[in-house]
Amino acid sequence: MPDWFTLTATELQALQLSLSVALRSVLFNLLPAIAIAWLLTRRRFPGRLLLDAMVHLPLVLPPVVIGYLLLLLFGVRGPLGAWLQHAFDVRLVFTSTGAALATAVMSFPLMVRSMRIALENADGGLEEAARTLGASVMDRFCTITLPLMLPGVLAGVVTAFAAGLGEFGAVITFVGNIPGETQTLPLALYSALQTPDGDTHAVHLATLSCVLGLSGLVLAEWLARALRRYLGRTA
Amino acid sequence: MLTVQLRKRRSEFSLDLQFSVPESGVVALFGASGCGKSTTANLIAGLITPDSGFIQLGDEVLLDTAQNINQPAEQRRIGYVFQDARLFPHYTVEGNLRYGLQRARQQPVIKFDAVVTLLGLEPLLQRRPQQLSGGEKQRVALGRALLAQPRLLLLDEPLASLDQPRREEVLPYLERVRDQLKIPMVYISHQFEEVLRLATHVVLMQQGRTLAQGDLAAMSLEPALRGLIGAEALGAVVDGKVQEIDEYSRLARVALGNGHVSVDANQLQCGQRVRLQLLARDLILALSPPQGLSVRNMLQGVITRLTPDDRHATLVTVDVGGVMLIARITTSSADEMKLHDGLCIWILVKAVTLRGHVFASGDTRSV
């Protein structure tokens, strides 16, 4: 009789690795995503449409293409990969840092989207008012824009984190499927499905993924509502 | 002086505006909705840049496209009160008020406590903007703009989003700011009532152009104004002094040119300077002093101008000992009476409307 309720060491390891990879990808994305969202909503410049399309590319491309492109760029013989190896002795291929990078690229559009919607809803007139009161660009951004887009930032972070836990295609293409190093939850699940008697593993890992994803989405929505109430708009 | 010259072309309309008014007092930019008033406000504040333009306030040039001078909005020190208040929802009322104060570049002259008292904001300080009524929001927005230590206060239809009772709640505070703080004000409005209450000077605007400019009394006689406010609202605005109050009838006698008129004495005091409006439709002209009439107010003057108004009516401007009044009578009466420039005439006034008190520029105090 298989044990349906206790996680094995391999499963725990995959969970831990997924959490770590997702967290690092979110931290890596946070500032660039805020900057890009601000650029896309508040500034008019040539090439804005192109930038917008580039940011959203991972949403429409097969993840395996992203993984392959990363491999070309950051592989041991890729231009950036060789440089990183030479200059900083950093290797991305087959490491969890590489998994975090692949996850970051995949979840970047999710973060930007969520922040962008928040920025579009934040009244630009308030920034104008702050300007007439003597606030410089940075000052306005920190005291007015950022607090007003905070619900979107938090929602974006939680959504990207939850999605990052389950990134499969780009990760397996770029960094492979190495237990303890790059084998995150979906990769472990994939391996379990490939092994005879892997059913218990598969059920555990699938359940875990569902619970994490669901909690992430509920938490994101709850946070956004709480913040919107705090900022004085109805949820 | 405040000198403004602005040119801005947009696909839907073009703005080509210039005016020059004394610094002290309130200049009203008056025109119908969509004549470019808000664009003008944003141009003066520096939120948008004109194709070409020049703005000088006192000795300082804020904008001169010919010299490549364009002070950014955050350095212009122009207090802007927006039509929609634009209070920061994540700050309390106090936080909103202090926002500009904390960023003021010089020692504050306008103090926090003074503004709170002047605008009656004490009970609101700990509230959030979303807990305020429309009128309260505008008072906070006014206070916030004042505390940024502006050298010019720009008000873009601050009462337009309020209903009539709420407007009456805010207007007295605007009068207080006008009378007690020595800050030049540009007041943008399409409500002539507000202009009558607050302005010392008026710039008439139509489709992005300046139609006429001058002090309020002169502008109230301006034929171009007739097109903007209609014949019914047209009437001379005059400033007078309360000479005496008849306690029995509760009527105040106000000196006006070479004569005087009586108005409702409600809340008036002897010696007070008041602003009156004599609507053109409420004036009756007579060639000789009439007798046996119920009308109490009678003045004598000389016709200075006859302007055809529409098919039926003529506008008659009369000099009553240095004060100009305007009457609207039927063209057939004007013909029968053989009215002409220089003719001596009697004016009967059916009603005089009190339009608040007068802004005395000599009587300014700093808070």
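**A two-chain model: local sites, folds and interface**

R86(B) lies in the loop of chain B that runs between β7 (78–81) and α3 (93–103); helices (H or I, at least four residues) and strands (E, at least two) are DSSP runs, numbered from the N terminus. The model is predicted, so local features need pLDDT of at least 70 and side-chain atom pairs count only at pLDDT 80 or more, whereas totals for chains, interfaces and linings use all residues. Residues are numbered from 1 along each chain as its sequence is written, chains are lettered from A and ligands numbered from 1 in the order in which they are written, and side-chain values use heavy atoms, with hydrogens and water left out.

R86(B) is worth a look for its backbone: phi is positive, at about 55 degrees, although the residue is not a glycine. With a relative accessibility of 17%, R86(B) counts as buried, where buried means under 20% relative accessible area, exposed means over 50%, and partly exposed is in between (1.4 Å probe, protein chains only). Q149(B) also has a positive phi without being a glycine, with a value near 60 degrees. The loop that holds Q149(B) connects α5 (134–147) with β8 (152–156) of chain B. Q149(B) has a relative accessibility of 3%, and therefore counts as buried.

A further loop site in chain B is D309(B), found between β17 (297–308) and β18 (313–320). D309(B) is buried as well, at 18% relative accessibility. Its side chain makes a polar contact of 2.7 Å with the side chain of R226(B). Such a contact is a pair of N or O atoms within 3.5 Å; within protein, one must be able to donate a hydrogen and the other to accept it, and residues adjacent in sequence count only if both atoms are side-chain atoms. Once neighbours within four places in sequence are set aside, D309(B) is in contact (heavy atoms within 4.5 Å) with R226(B), A231(B), T314(B), L315(B) and R328(B).

Strand β17 of chain B is home to Q300(B). Here the side of the story is one of partial exposure, as Q300(B) has a relative accessible area of 35%. Beyond neighbours within four places in sequence, the contacts of Q300(B) include N258(B), D319(B), V320(B) and C344(B), together with I345(B) and W346(B). Q300(B) is 50 residues away from K350(B) in sequence, and their C-alpha atoms are 15 Å apart in space.

Turning to the chains as wholes, chain B has 10 helices and 21 strands. Its radius of gyration (taken over C-alpha atoms) is 22 Å, close to the 21 Å of the globule rule (2.2 Å times the number of residues to the power 0.38), so chain B is as compact as a globular protein of 367 residues. Its C-alpha atoms fill a box of roughly 65 × 50 × 35 Å along the principal axes. Buried residues account for 53% of the 367 in chain B. Of the contacts in chain B between residues at least 6 apart in sequence, 66% join residues at least 24 apart.

Chain A has 10 helices and zero strands. The C-alpha trace of chain A spans about 70 × 45 × 30 Å along its principal axes, and 45% of its 235 residues are buried. For contacts in chain A between residues at least 6 apart in sequence, the share that joins residues at least 24 apart is 72%.

Where the chains meet, 20 residues of chain A are in contact with 23 residues of chain B. The area buried between them is about 1,900 Å², with 58% given by carbon and sulfur atoms; this is the accessible area (1.4 Å probe) that two parts lose on being put together, summed over both. R131(A), T132(A) and L133(A) supply 36% of the area that chain A buries against chain B, more than any other three residues.

The interface of chain A and chain B has four salt bridges by the rule, each a side-chain nitrogen of Lys or Arg within 4 Å of a carboxyl oxygen of Asp or Glu. E74(B) and R140(A) meet through their side chains in a salt bridge (4.0 Å, N to O). Six residue pairs are in polar contact across the interface of the two chains (both at pLDDT 80 or more). On the side of chain A that touches chain B, the elements that give two or more residues are α6 (124–132) and α7 (137–164). The most come from α6(A), with seven residues. That side of chain A divides into 10 nonpolar, six polar and four charged residues, with Ala, Val, Leu, Ile, Met, Phe, Trp, Tyr, Cys and Pro counted as nonpolar, Asp, Glu, Lys and Arg as charged, and the others, Gly among them, as polar.
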